[in-house]
Amino acid sequence: MISQIAQSMKHALALIAALFAPLAALQAAELKLAGVFTDHAVLQRDVAAPVWGWADPNEQVTVTFAGQTKTAIADANGKWLVRLDPMPASAEGRDLVVQASSKNQKATITDVVVGDVWLCSGQSNMGISMSVPGNPSLVESVAMAGNPRLRLFATLHQFPDAPVRDTQGRWEAATPETVKRWIAIGYLFGEQIQRETGVPVGILASARGGTCIESWLPSEILQANPANRFYLDNHAKAVERLPEAMARYEKELAEFKQQPKPGQRQPREPDGLPNSPRNPAACYNGKIAPILPYALKGVLWYQGEGNVWGFTAYPSQMADLMRVWRDGFGLPSLPFLMTELAPLGQPSPQPQDSARARFGEALSKTARADGNAWVITIVDGGDPLDIHPVKKEIPAGRFAAMALAKVYRKPDIAHGPVLNSWQATDDRAVLKFDAAGGGLVAKQVNLGGHELAADNLHGFELAGADRKFVRAEARIDGKDTVIVTSPGVQQPVAVRYAWAAFPLCNLFSADGFAAYPFRTDDWPWQTPPDASAARPNPSPKPVQASATRIAIRDGHFVDTGTCKPFRPFGVNYYRTAPIGEKKRMHSAFSPGSYDEAFVTRMMETLSHDDFNTVRSFLSNHSGASGIVTDRQSAEVNPAFLANLVHFLRTAQTHGLHVILSWDTWTPDCKVWAETPLADESRHGWVTEPSPELKVNGFRLTPEPIRAKANAIRAVIEALRKIAPDLLPVVLAWELENEVHFNLDQEPFLSRPPAFAFGGRQFDLRTDDGAQALMDAAARTWASACADAIHAADPEALVSASVFTFAAVGRQGPGTWSKDQTKDMRIPARPLALLESSLDFVDIHLYAGKSKTESIAQHLQRDLASVGMSALTAEARRLGKPILVGESGVAAHFTRRGPDWHAIHHDVGVDLLREYHNALATHPFAGVLHWHYGSPDSMAQDEYPALVLFPQYGEALKASRNAQKPSEAP
């Protein structure tokens, strides 16, 4: 007992000591400068340079330097900060003295100079030291180092979950002994800047290998930008899996230490560990926050190896980083100099699309939008076998040249040639370049062991209308012009240069600067498809031989194979093909227009980008290209069926599900229309239809309803016969695309006082009566078709899609005036369809924008027109999901100028991102995107049906990851 009491007292005393420790620390606070202020520090010239540290709360602190005296009062946490008056550059080493007023406390740092301070940040290529082996030039630079006016401070490696207030380190001048520890790019850049400007230069080194940009952004910014959602979700999953990952890591590490295999690397610690530099905001918290707001001249940023496959999200992320860092340093115009990534991998024998090149393109886009940021190219500075090329003098020299020209305003050439314009003339492409300096030259270079002679230009490619790039010959014409030709391309439509993972290219300016990679097309990722291009997931995602069904449980989609929730996220596959002689319709599988190669590439792209659903159309016309070859036959056209099987099989291979939507017209098959449905008498539709019932008769009379249901049943039976394992690939059979009624068709044209349907009389002279008939007809039609399909395949999901009322210019249900809009369509009420036998309802939304209405306001008006709150409540009650089956940005918002086909992708992507950010706040069960600007009248060879520009894929992924969880429902 005595022992227990003693132990309890011990714990109590320890607790009391812990409680009073902070107070004691405050009472005995030591006067302290922030860790970035040490002997030999460099302060930024020509700005009000902040100096800060800690003392007792409310303590008056005095700072003296270079004839100035500034005072400050420490805040409740003991932090104080003064700003020195702007000072000219000075290489004279002086003391900076800090003194507390109430105590005899004093802190002094010596040999402080005034000049320019550059922050060098990023990942491993920025962090590599001057001692990296394999580069004699660096060895020579270390031996010759000796410059007291060039100094460096390296921040402490600390990676906490929250921002820390201080760092540790020391400023040191450049000597052979110190420089060998310095970061190579920082030293080589600083040495050139110091030599050219003559003022002291300080390098703040704050880099860490193996990190993504998400580690360098503060948490609140990460959470606010949907572009980070994929990274954040993966981190959360890594934390959740950490115990099992750690057990596996420790086992592998023990095996490695016991008997390492030749060439085997030590296992890497799993993601999700506390205090890891790979964690969200970890590098910002530990390596940037502690040095805020130290005054700077500019920032060098070399990062991206960890984000190269996220090139479409990177502009948004980099814009966030520049804005937040500028705010933190208190320098709204702080210059940022960024670099493209170094080439890596073996040169491809064939033209290839390149994530590395697209990443550089993304950086250039960021810089152009910012106005005070610039990008260098190091296309000649890579190593095919090493992600860390040793020639750090190349990026350092390019950084220095850019800084001298753009930041210091020196008149020298800052960078290499940049494509200004081009035109196709006969069988050649004529290219004009800016920044040619003394003129364009073909330079003799050795790129990864490949010797390129100076008598021939390398690295150019041409493509014709087929979008297939081929190697091209190029020659310099005059000072700033290059002419490109290829026997394989008689009419060029696009040209690329240095567009590869490891391009062999040698266009330079006479001043020695490499030309920037470029492309003149705006074609989607992997144009052309290239099996040799390095991709993070080059193979399809592994799937079982037979896909598992998607079912609905308690209002949610569920994968019955894994019992996990399934959130449809994908696109609409759209092809136009000739039908008859005059019109084109949705026709994905029509013989003669189906493109197996394109479908395969599409599915590969979707799978690679983590989409899981494709929505496509079953056009129902007859003839050689139709779903039936003869109106009198109930047999599905074998060629049409073969295309459908290929589509589903390819989707299955890539782990995708498919929604098959019937087009709006009735299946053109007499036999199907005359075949009764089981229990059809209970539906009570019009038994003696009037000849005037045309479009609206599809939902009021038996023949079209039978044709619709029996046609879908016929396709199901055909698939069951030849490929039963493909039925689970079909997520849903959609009865019709955008169910609607027409004001210019009977019975709504004449609005009779009495109209019989389903055993009821409807007075169509009133809007309420017309609406009641439409609701009853929509429910009856949907139930009759769905019941017939469920009879053929009880596990099948059946849906129908519908526009919002606002999408056709109407305020909501009951707005039946013809004068309100030129559009004669009245969408079926989603609520009426939800109350039928359908398993779920699919609504379609498109962003619109006006001078008085934002995209978010437009979306709100769209949803209000279908009574979203009542619809959600009913969906929750019935246990049925609501899917957004089509969403996109209206085409006319993205076209400019006289060329109607010219689509401004940046405009489209920005609007799309804004729209999907707004859409993400609503509880939908899934969202599918309709690629904007795919008009019915455009032929398939002019405009591919599915154009997944990488920007769209990233914007859509961000929207998916930001989606509000479905409440209903």
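**Entry 1: the pair 177/180**
I looked up glutamate 177 first; at 48% relative accessibility, glutamate 177 counts as partly exposed. The model is predicted, so I treat each distance here as a computed value. Glutamate 177 forms a salt bridge with lysine 180, and the closest N and O atoms are 3.5 Å apart. Lysine 180 has a relative accessibility of 34% and therefore also falls under partly exposed, as the class runs from 20% to 50%. I noted that the structure holds 33 salt bridges.

**Entry 2: the pair 549/793**
I then turned to aspartate 793 and arginine 549, whose side chains meet in a salt bridge at 2.9 Å, N to O. The two residues are 244 residues apart and link distant parts of the chain. I placed aspartate 793 in the loop between helix H17 (767–792) and strand E39 (798–803), and arginine 549 in the loop between E26 and strand E27 (550–553). Are these residues buried or exposed? Aspartate 793 is buried, with a relative accessible area of 3%. Arginine 549 is at 12%, and it counts as buried because the cut-off is under 20%.

**Entry 3: the network around arginine 615**
I found arginine 615 in a salt bridge with glutamate 734, with 2.7 Å between the closest N and O atoms. This pair also links distant parts of the chain: arginine 615 sits in strand E33 (residues 613–618) and glutamate 734 in strand E35 (residues 730–734), 119 residues apart. Both arginine 615 and glutamate 734 are buried. Which residues are linked with them in a network of salt bridges? The network consists of Arg615, Glu734, Asp842 and Glu886.

I followed glutamate 886 further and located it in strand E42 (residues 882–889). Its relative accessible area is 4%, so glutamate 886 is buried. The side chains of glutamate 886 and arginine 615 are joined by a polar contact of 2.7 Å. Outside four places in sequence, I listed the contacts of glutamate 886, among them Asn572, Phe617, Asp842, His844, Tyr846 and Trp930.

**Entry 4: nonpolar cores**
I checked the largest nonpolar core, which has 119 residues. The residues with the most contacts inside this core are Trp80, Trp118, Tyr294 and Trp325. For tyrosine 294, leaving aside neighbours within four places in sequence, the contacts include Val36, Phe37, Trp52, Trp171, Leu204 and Phe329. A second, separate core holds 83 residues, including Tyr573, Tyr594, Met602 and Trp733.

**Entry 5: helix H11**
I looked at H11, which spans residues 355–370 and has 16 residues. From first C-alpha to last, H11 reaches 22 Å, close to the 22 Å expected at 1.5 Å a residue. At the N-terminal end, serine 354 acts as the cap, with a side-chain oxygen 3.2 Å from the backbone nitrogen of arginine 356. The helix is followed by glycine 371, whose phi is positive, near 90°. Buried residues in H11 include Arg356, Arg358, Phe359, Leu363 and Thr366.

**Entry 6: a four-stranded sheet**
I traced an open sheet of four strands in the order E21-E20-E24-E26, with antiparallel pairing. Its edge strands are E21 (469–471) and E26 (518–519), each of which pairs on one side only. How many bridges join strand E24 to E26? Two bridges join E24 (residues 494–497) to E26, and these strands run antiparallel. I noted tyrosine 497 opposite phenylalanine 518 in E26.

How values were computed. Residues numbered from 1 in each chain as written. Predicted model: local features only at pLDDT ≥ 70, side-chain atom pairs only at ≥ 80, totals over all residues. Heavy atoms only, no water. Expected span 1.5 Å × (residues − 1). Buried < 20%, exposed > 50% of the residue type's maximum accessible area, 1.4 Å probe, protein only. Polar contact = N/O pair within 3.5 Å; in protein donor to acceptor, adjacent residues only side chain to side chain. Pairing = 2+ DSSP bridges. Salt bridge = Lys/Arg side-chain N within 4 Å of Asp/Glu carboxyl O. Core = buried A, V, L, I, M, F, W, Y, C linked by side-chain atoms within 4.5 Å. Contact = heavy atoms within 4.5 Å.
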